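Open the model in a viewer and keep the sequence panel visible. The tour below goes from one selection to the next.

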Amino acid sequence: MKLNETIIFRRDGEGALLYNPEDGTLTRVNATGVFIWRCLGAGLGEDEIVSKFESALGDKAPADLRGEVQKFLGMLAGKGFLFGFSGESVEMPMVSLDATSSSIGSASRPLYELRSFQRVFVPGDALVLEERAFESFVPGDIVAFYPKGRGEAGIVHRMIGRDTNGLITMGENNDSQDSHRVTEDDEPHLVVARIRPDGVRLDTRNGRSGMRQFRWNRFRRCVRCFGARLVNPLLPLMFWRCVPEESVAIGDGVQYYHNRKLIAVRSPAGVEFIPIWNKFRFRIDD
Amino acid sequence: MARELVIRLELSGGESLHLGARGRRACRSLHDLSVMIDSRCVSAPLDSCGSILFDGELRSEYTGLPRRGGVARTGMSSDGRFAVLTNGSYLPYQSGEWPMMLRLVMLSGLSRGQSIFPVHGALLETGGGHGVLLFGRSGIGKTTTVSRYRAAGGVCRSDDFNLCQWDGRNLIVYPMPTCSYYCVNWTPQLRYSYSPGVVIDGLWWLQRGDRESVVRAPEHEWLAALAHAISFHWIWVFRSLPAKPKREFGERVLDLALTLKAAFAPESLLASLDGDIMDVFRR
């Protein structure tokens, strides 16, 4: 486990304030939380933290000490304060337009990454979620859900149907529909809008309109795939392709530039050329 | 239009912020801002600016800010100044270039010890150069509250972006244009009176309630909401920064939030659509 090194730790009485500049959330932890935070900072693992607690508390240690520690670590992982925690994360960060609760940290937004919703969202978009009754989801709705075991990393896919096991979902840019059926336990939320990195809010298309957008995007994908099948075998013959002049690493990805223009973006999902015909001019070596 | 443009935002206590642009498109974006807030263009060298918007080349580039249709790349020189290189394919009126520049110029000032920062919130003016600043998370009803306040005869010059200056005793707020409105519905008639600044008497955390009232808020939650309001316009910049400056700026933001916590009582406006918002000011 590793603490997120961008988190700012500030003592506040017996407890401490933890501030994450990446999403602006501020959380207060009590003295026990400070103790665990310091242990994590010293590089201790979960077992070592529990045994240190046991030796510090002696007979006063609660019966489910490990469970309590795990819960706290899960909360830290859920807020993005801790990396590499294998247990279950808690407290998903999301915005709920109708929420009236004022829990600290709930104001951060989930961010869209990867490519399953290419041409609907752009990586880096913040998604605005709205709570909905499970029964009220209709085909075409864009649904954000959090399957167990994925920690805070949620999935945003389009609902394309419903069966007895739950909602059938699929990414616009994926090969097939999801094998996982979304149930109420996955805490599905409706994505009502996206907020571009420059702060502009744009409503998403849900319901019947969303389904039309889905069909259109699937058609465009078919055309792209067909074109790629024809062209890709010829790419090695295009001797004029050159490597972009410069690259900038951002997070897990790399952006490639040529003449100060963005050429391609490498993400964990692969390389994407911007626009697509740049692949005839440039090559990105592995 | 000039190919180089500098505008100066006068603040209280003789302080000021300089924003500069080089290139036709960048100048045009900055010119839009100066028209909207009725600030003066000044003849000053670009080197005097805390933040420069470029169309052209950038020397000390280190990161990219993702934007629609490409990226804007930023660099920071050794003295802590920022510069933005805009992507040539970008449409000027959808780019939000000047908001980015404003954010960066304040960040640049922060690194030099200035206490000038953006706050995401609504400025409700109560008269005589005083007012209250309303903050809260997106979707909670700030714009609705502003509409109700205006409908009841109140004055509100900004409902999104506020340039705040802490001079050690007073928090002075200068209204700035609503970023999203500018980007989507820009018209040449849009006007936001930048000056005079408003002295803030209360920082109210907006929440929904059954009855319109101002109540004491839980201290830590109020502080968390305030820290988020201060971070809101900087989050996208912070995310693109390397770890070290990200931490340094984060420390400064937390300092600002704690300073304001010490200076203001944690109060919350419980807004109710059935109530009369002017009641809370009459009391």
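Select Asp286(A) to begin. This is a predicted model, and in it Asp286(A) is exposed, because 4 other C-beta atoms lie within 10 Å and a residue counts as exposed at 12 or fewer. Asp286(A) belongs to the segment that follows β15 (270-273) of chain A. Add Val271(A) to the selection: 15 residues separate Val271(A) and Asp286(A) along the chain, and their C-alpha atoms are 9.6 Å apart.

Next, go to Glu187(A), in the loop that links β9 (166-170) to β10 (189-195) of chain A. Check the backbone here: Glu187(A) is not a glycine, yet its phi is positive, at about 50°. Is Glu187(A) buried or exposed? Glu187(A) falls in between and is classed as partly exposed, with 17 other C-beta atoms within 10 Å.

Stay in chain A and select residues 46-57, which form helix α2. This helix has 12 residues, and the distance from its first C-alpha to its last is 16 Å, close to the 16 Å expected at 1.5 Å a residue. Just after α2(A) comes Gly58(A), where phi is positive, at about 60°.

Now add helix α3 (residues 65-78) of chain A. Two packed helices are described by the angle between their axes and the distance between the axes. For α2(A) and α3(A), the axes come within 10 Å and the crossing angle is roughly 130°. That angle makes α2(A) oblique to α3(A). The crossing of these two helices, α2(A) and α3(A), is right-handed. To see the contact, show the side chains of Glu46(A), Ile49(A), Val50(A), Phe53(A) and Glu54(A) on α2(A). Facing them in the contact, α3(A) supplies Leu65(A), Arg66(A), Val69(A) and Leu73(A).

Zoom out to take in each chain as a whole. Chain A has 4 helices and 15 strands, while chain B has 8 helices and 16 strands. In chain A, 31% of the 286 residues are buried; in chain B, the figure is 51% of 283 residues. For contacts between residues at least 6 apart in sequence, 45% of those in chain A join residues 24 or more positions apart. The corresponding share in chain B is 68%.

Move to chain B and select helix α5 (residues 219-231) together with helix α7 (residues 243-263). The axes of α5(B) and α7(B) come within 9 Å and cross at roughly 130°. This makes α5(B) oblique to α7(B), and the crossing is right-handed. On the α5(B) side, the contact is made by Leu223(B), Leu226(B), Ala227(B), Ile230(B) and Ser231(B). On the α7(B) side, the residues are Val253(B), Leu254(B), Leu256(B), Ala257(B), Leu260(B) and Lys261(B).

Without leaving α5(B), select Trp222(B), which is found in this helix. Trp222(B) is buried, with 24 other C-beta atoms within 10 Å. Which residues does Trp222(B) touch, not counting those up to four places away in sequence? They are Trp205(B), Ala217(B), Pro266(B) and Ser268(B). Of these, Trp205(B) is 17 residues from Trp222(B) in sequence and 6.5 Å from it in space, C-alpha to C-alpha.

Now select Phe135(B), Leu226(B) and Ala227(B), the residues that touch the most other members of the largest nonpolar core, which has 95 residues. Helix α2 (residues 97-111) of chain B provides the largest share of this core, 9 residues. Center on Phe135(B) and display its contacts: leaving aside residues up to four places away in sequence, they are Val119(B), His120(B), Gly121(B), Leu203(B), Trp205(B), Leu206(B), Ala225(B), Leu226(B) and Ala229(B). There is also a second, separate core of 19 residues, and among its members are Phe117(A), Met159(A), Leu167(A) and Leu190(A).

The last stop is Gln165(B), in strand β12 (residues 161-166) of chain B. Gln165(B) counts as buried because it has 21 C-beta neighbours inside 10 Å. Beyond residues up to four places away in sequence, Gln165(B) touches Leu11(B), Ser12(B), Glu15(B), Ser115(B), Ile116(B) and Ile172(B). Finally, draw a distance from Gln165(B) to Gly13(B): the two are 152 residues apart in sequence, and their C-alpha atoms are 9.9 Å apart.

Key. Residues numbered from 1 in each chain as written. Chains lettered and ligands numbered in written order. Predicted model: local features only at pLDDT ≥ 70, side-chain atom pairs only at ≥ 80, totals over all residues. Buried ≥ 20, exposed ≤ 12 C-beta atoms within 10 Å, placed from the backbone. Contact = placed C-beta atoms within 7 Å. Expected span 1.5 Å × (residues − 1). Core = buried A, V, L, I, M, F, W, Y, C linked by C-beta atoms within 7 Å. Axes fitted to C-alpha atoms, helices over the stretch in contact; angles between N-to-C directions. Parallel < 35°, antiparallel > 145°, perpendicular 65-115°, else oblique. Left-handed = near helix turned anticlockwise from the far one by under 90°.
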